[in-house]
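Work through these exercises with the structure open beside you. Try each task before you read its solution.

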Amino acid sequence: MEYNFSEIEQKWQKYWAEHHTFCVDVDAKRPKYYVLDMFPYPSGAGLHVGHPLGYIAGDIYTRYKRLCGFNVLHPMGYDAFGLPAEQYAIQTGQHPAVTTRNNIARYRAQLDKIGFSYDWNREVRTCDEAYYKWTQWAFLMMFDSYYCYDAQQARPIAELTGIFETQGTKGIHAACTDEKLAFTAGEWNAKSEKEKADMLMNYRLAYVGEMVVNWCAALGTVLANDEVKDGLSVRGGFPVEQKKMKQWMLRVSAYAGRLLAGLDKLEWSDSLKEMQRNWIGRSEGAEIRFDIAGGTDSITVFTTRADTIFGVTFMALAPESELVEALTTAAQKQDVENYRQQTKKKTERERIADRRVTGVFTGSYAVNPLTNQRIPIWISDYVLAGYGTGAIMAVPAHDSRDYAFARHFDLPIVPLIEGCDVSLESFDAKEGVMTNSGFLNGLDVKDAIVKIKQHIEAHGLGRVKVNYRLRDAAFSRQRYWGEPIPIYYNDGVAAPIPFDRLPLLLPDVDKFLPTETGEPPLGRAKNWTYESYPIEKSTMPGFAGSSAYYLRYMDPHNSETLVGKEANEYWRSVDLYIGGTEHATGHLIYSRFWNKFLFDYRRVCEDEPFRKLVNQGMILGRSNFVYRIKNSSTFVSAGLKDCYDTQELHVDVTLVGNDRLDVERFKASSPDYARAEFILEQGEYICGWAAEKMSKSYFNVVNPDAVCEQYGADTLRLYEMFLGPLEQSKPWDMNGIDGVHRFLRKFWRLFHTNDAFTVTDEAPSKKELKALHKLIKKVQDDMEAFSFNTTVSAFMIGVNEWSDLKCNKRAILEPATILLSAYAPHIAEELWEKLGHSQSIACAAFPAYDEAHTVENTFTYPVSFNGKVRGKKELDLGLAPADIEKAVLADEQVQKQLAGALPKKIIIVPGKIINIVL
C-alpha cells in the first residue's frame with residue numbers, strides 16, 4: 001500500500017473534528033498545561049509558509065505534553081479588529097465584519113489543513129460582541145479605579161473621593177497626571193461636579209489626557225508607532241504628523257515598578273527581558289528647577305547626573321513642550337515655528353533613531369541655580385516630551401548627544417572630571433574625581449551624586465526621584481472597526497454606561513469615513529446616544545482585544561464573567577507562549593499590565609500572564625531573479641549575466657523549481673514577457689536567488705496550501721522544523737523538502753512489505769532497541785530545549801538504522817510511531833490504527849526511556865596489520881586482552897590476511913585498537 005498522504009490527512013482531520021479529539025475541560029485529577037500561540041490578524045492575503053512556524057512548534061509541544069499525561073489547553077482565535085479591514089471597507093463599501101468573516105474562514109481552512117490540535121470550541125474573535133463585552137467591562141473597571149502606591153495596587157475611585165472629602169490630597173500617595181495637584185477637603189467639597197470629575201481624571205487608570213500622537217488626516221485616525229514609517233502611514237502611504245490631542249489613555253506607567261520587578265520570575269529570554277527593562281526604563285535621579293532669566297516662570301528637568309550641574313552650558317526643550325511658546329522671543333518666533341512644523345513629521349521612534357543634529361534657539365535664558373549663570377534655552381527634536389519633563393539640562397562634556405549639539409552650534413563645553421579629554425568626544429563614564437564643580441571638587445563621582453542630591457533637597461532646588469521611561473498608553477482611535485468605548489457625556493462629564501447594558505455594540509453607519517466636520521466615523525451613526533446623552537465616538541485600539549484573550553480561552557462561554565474562578569484557578573496562566581519579538585514593547589507590556597490590574601481585584605489568581613515565552617524567528621522568502629539585457633526582451637541565465645549589461649527582476653517563485661525557470665509558464669505569466677527570448681545554460685534558464693522578507697511585491701510568498709497539496713501537511717510540519725533552530729530566522733528553500741518527504745515514505749515502508757501491512761510480534765534485537773531508546777532520549781531532551789530541528793535529524797537516523805536492520809517489529813515501530821506523532825500526526829494516526837488501536841494516538845503514552853538499552857556493551861575495533869587498517873571486529877567491551885586475541889585470531893577475515901603466517905606480536909588497547917605485527 002502506497003503512502004497516500006492526501007487521503008490520509010483528510011481522513012484524520014475529519015476524524016479529529018468529528019470526535020472533538022483536542023477539546024478539553026477542567027480536570028482536577030490531571031496536571032494542566034497551557035500552550036498558547038499569539039493569535040493572528042486575519043488578513044485578506046491568508047497564511048504564507050512563514051506564519052505557521054511558531055504554530056507548528058507550539059502544536060508539537062502540545063502533542064508531546066499530552067503524551068506525557070498533561071491535560072493541555074491549546075486554543076486559537078483571531079485578533080479581528082484592525083485598520084486593513086476598515087480601509088478595504090472605505091474602498092469597496094463592504095462592511096468590515098463581512099471582510100473579517102471571509103478572511104477568518106480562509107485562515108481556518110488553511111490552519112485545518114496543517115493538522116493543528118486546537119480546541120476550536122474555545123475560539124475567540126475580538127470583534128465578537130460576546131467577547132468585547134469583557135474588554136469594555138475591564139475598561140470601565142479601570143475608569144473606576146486609581147493606583148495607590150502605598151498599597152501597590154489599583155483601588156476603587158470611590159475610596160479616593162471619600163479621602164478627598166475628609167482630608168483632601170494630604171497623605172495621598174497615588175499615580176497622578178499632575179503631581180503638583182494639591183487641595184484641602186474644604187476646597188474639594190466646594191467644587192462643582194464637573195470640577196470634581198475633571199480633577200479625578202488626574203487619578204483614574206482609564207482617563208482622558210492630552211498627548212502627542214501620530215495623526216493621519218487622510219485616514220482620520222491616530223496611528224501607533226509601528227503603523228508609521230518615514231513620516232507616512234504604512235497603510236496607504238499617507239502623511240502623518242505629530243499632533244497634541246485629547247485621547248483616552250490607560251495609566252500603564254503606574255505599574256512600571258511592578259512590571260519591571262515581575263520580569264525576574266519569568267522564563268523569558270534574557271534579550272527579551274532586557275528589551276522590556278529598557279522600555280520601562282527605570283532611572284534614579286533628581287528633578288531640578290531652573291528659573292527663567294528676567295521672568296517668573298521656571299523649567300524643571302529630570303537628570304540622573306545631578307553632579308554635572310556645574311557643566312550645564314545650554315538647556316533644550318522638546319519642540320512640542322508647552323513652554324516653547326512662552327519662552328520664544330519675537331525675533332526667533334518664525335524659526336521656532338518652522339522647526340516645530342518640521343518635527344511634527346517624525347515619530348518619536350524616528351527622532352530617537354535619527355542622529356543628525358538639529359535645533360533652534362528660543363531667544364530666552366535660564367539661570368543655573370548653583371552658579372547663577374545665564375544658560376541659553378534651545379529646542380531640539382532629540383528631547384522628547386513624554387520622557388522626564390520634556391526638558392533637559394545639557395552637559396556636553398559628559399553626554400554624547402549634548403556634545404554633538406554643542407559642537408554643531410558652537411556652544412561651550414566644560415569638563416568636570418580631572419584629566420578627562422573632551423577635545424574629540426564626550427567623557428561619558430560615571431567615574432573619576434570632580435573638578436570645575438564648586439563644593440563637589442575633589443569628590444569621587446559616586447560621592448558627588450549623593451552630596452548634590454542632598455544639597456538640592458536641603459536648599460529647595462528640587463527633589464530626589466525615581467523616574468520611568470514607560471508612557472501611558474493611548475487608548476482611543478478615530479476609526480470605526482474597533483470596540484466602542486462605553487462612555488457617555490452628561491454636560492461634558494464622562495460617565496460609564498452601566499455594566500448590565502454591555503456590550504455596547506458598534507452602530508451602523510452610511511460610510512466608514514470621518515464626518516464632514518472631522519468627527520470619527522461613529523459620528524455618522526444615528527441616535528448614537530445613551531438615554532439621550534452622546535456616546536464617545538472614538539473606538540479602542542488594536543491592543544485592547546489582545547490584552548486578555550488568553551484569560552477568555554480558559555472559560556470562553558461564561559456569560560457572567562471574563563473567566564470563572566474554577567477555570568482560572570485550574571488553568572491559572574499560560575505555561576508556554578510562542579510568538580515574535582516584535583511584540584516585546586507593545587502587546588506583552590499591555591497584557592502584563594492588564595493582568596496585574598485584574599489581579600489587584602482578585603479577578604485572576606496569577607500576577608503574571610505568561611510564565612514561559614519562546615520567540616520564533618522569521619522564515620524568509622527565497623526570492624528568485626531573472627536577468628533582462630537592458631533595452632531588450634532577452635533574458636540571460638544567472639551564470640552568464642556578468643557577460644551582459646542586465647537588469648535584475650524579481651520573478652514569481654511559483655514559476656521556478658530548484659532555481660530552474662519554467663520558460664513557457666514565465667512567458668505566459670505576463671504580456672510583457674510573451675515575446676521574451678532566453679540565453680540558456682546547458683539548455684536551462686538558471687535563476688538567481690536571495691533570502692528576503694516574504695512579500696507579495698517580491699513574488700516570493702509561498703502558500704502552505706500548495707505545499708500541503710504537493711507533499712502533505714506532515715511534510716510541511718517536519719520541514720519547517722528541519723530548516724533550523726526555532727528562534728533563528730532562516731530562508732525558505734523548497735530544494736530540501738523532497739528529502740523530508742522521502743523520510744516519511746521510508747518510515748511508511750517499515751510497516752509494509754510489497755504493499756501489505758506486515759508488522760510482527762517478534763522480540764526486537766539489541767541494535768533495534770538501542771536505536772529506539774536513543775531516539776526516545778533525544779526526542780525528550782530536544783523537546784524541553786525546543787530544538788525541534790535536531791529531532792527531525794534524529795528521526796531520519798533512527799529510520800535509516802531500522803531500515804538497514806529490516807526491522808518490522810511492533811515493539812519498535814509502535815513506540816516510534818508515538819514519538820513521530822507530535823511532528824507528523826496524520827501518518828502516525830494512520831499507522832496507529834493499522835497497529836490495531838481504536839483510540840487516537842493523541843491518547844497514547846510517551847514511551848519510557850530505558851538507559852540500559854543505550855549503554856555501549858560492545859566496541860567495533862579497527863583491526864590493523866603492521867599499522868594499516870584492514871578490517872573491523874565488534875567485540876564485548878568486557879573481554880580481557882587474552883580473550884580479544886583469541887577472538888581476533890579465530891576471525892575468518894583475519895586468517896585470510898595472515899595467509900598461514902604467524903604474527904610476531906598482537907598489540908591490544910582495550911576499547912581502542914588491535915594491531916597485528918607480522
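**Exercise 1. Locate Phe699 and classify its exposure.**

Solution. Start with the place. In this predicted model, Phe699 sits in the loop that runs between β30 (688–692) and α21 (704–711). Next, take the backbone. Phi of Phe699 is near 55 degrees, a positive value in a residue other than glycine. Last, take the surface. Relative accessibility is 41% for Phe699. Buried means under 20%, and exposed means over 50%. Phe699 therefore counts as partly exposed.

**Exercise 2. Do the analysis again for Ser532. Is Ser532 buried or exposed?**

Solution. Find the loop between β20 and β21 (533–534); Ser532 is there. Now read phi. The value for Ser532 is near 75 degrees, which is positive, and the residue is not glycine. Then check the area. Ser532 has a relative accessible area of 61%, so Ser532 is exposed.

**Exercise 3. Which form does the peptide bond from Leu502 to Pro503 take?**

Solution. Go to the loop between β19 (493–496) and β20 (529–530), where Pro503 lies. Look at omega for the bond from Leu502 to Pro503: omega is near 0 degrees. This peptide bond is cis.

**Exercise 4. Describe the surroundings of Glu608.**

Solution. Step one is the location. Glu608 belongs to the loop between α19 (587–600) and β23 (613–615). Step two is the exposure. The relative accessibility of Glu608 is 7%, so this residue counts as buried. Step three is the list of contacts. Neighbours within four places in sequence are left aside. Glu608 then touches Gly262, Lys265, Leu266, Ser573, Arg592, Asn595 and Lys596. Step four is the polar contacts. The side chains of Glu608 and Arg592 are joined by one of 2.7 Å. The side chain of Lys596 also makes a polar contact with that of Glu608, at 2.9 Å. Step five is a distance. From C-alpha to C-alpha, Glu608 and Ala353 are 32 Å apart, and 255 residues separate them in sequence.

**Exercise 5. Which residues of α14 are buried, and what covers them?**

Solution. Take helix α14, residues 400–409. Its buried residues are Arg401, Asp402, Tyr403, Phe405 and Ala406. Now look at the cover. It includes β12, α13 (348–353), β14 (374–379) and β15 (391–394). Then inspect the ends. Asp399 caps the N-terminal end of α14. A side-chain oxygen of Asp399 lies 3.1 Å from the backbone nitrogen of Arg401. After α14 comes Asp410, with a positive phi near 55 degrees.

**Exercise 6. Where is Thr308, and what is in contact with it?**

Solution. Thr308 lies in the loop between β11 (298–303) and β12 (314–317). The relative accessible area of Thr308 is 5%, so Thr308 is buried. Again, leave aside neighbours within four places in sequence. Thr308 is then in contact with Met393, Val395 and Leu416. Now join this to Exercise 5. β12, at one end of the loop of Thr308, is among the elements that cover the buried residues of α14.

**Exercise 7. Which residues form a nonpolar surface patch with Ile907?**

Solution. Place Ile907 first: it lies in strand β36, residues 905–909. Its relative accessible area is 33%, so Ile907 is partly exposed. Then find its partners. Val909 and Ile913 form the patch together with Ile907. The patch has about 200 Å² of accessible area in total.

How values were computed:
Residues are numbered from 1 along each chain as its sequence is written. This is a predicted model: local features need pLDDT of at least 70, side-chain atom pairs count only at pLDDT 80 or more; totals for chains, interfaces and linings use all residues. Side-chain values use heavy atoms; hydrogens and water are left out. Helices (H or I, at least four residues) and strands (E, at least two) are DSSP runs, numbered from the N terminus. Buried means under 20% relative accessible area, exposed over 50%, partly exposed in between (1.4 Å probe, protein chains only). Contact means heavy atoms within 4.5 Å. A polar contact is a pair of N or O atoms within 3.5 Å; within protein, one must be able to donate a hydrogen and the other to accept it, and residues adjacent in sequence count only if both atoms are side-chain atoms. Patches are made of residues with over 30% relative accessible area and no salt bridge: like charges are joined within 9 Å, nonpolar side chains (Val, Leu, Ile, Met, Phe, Trp, Tyr) within 5 Å. Accessible areas come from the Shrake-Rupley method with a 1.4 Å probe; for residues, only the protein chains shown count as cover. A salt bridge is a side-chain nitrogen of Lys or Arg within 4 Å of a carboxyl oxygen of Asp or Glu.
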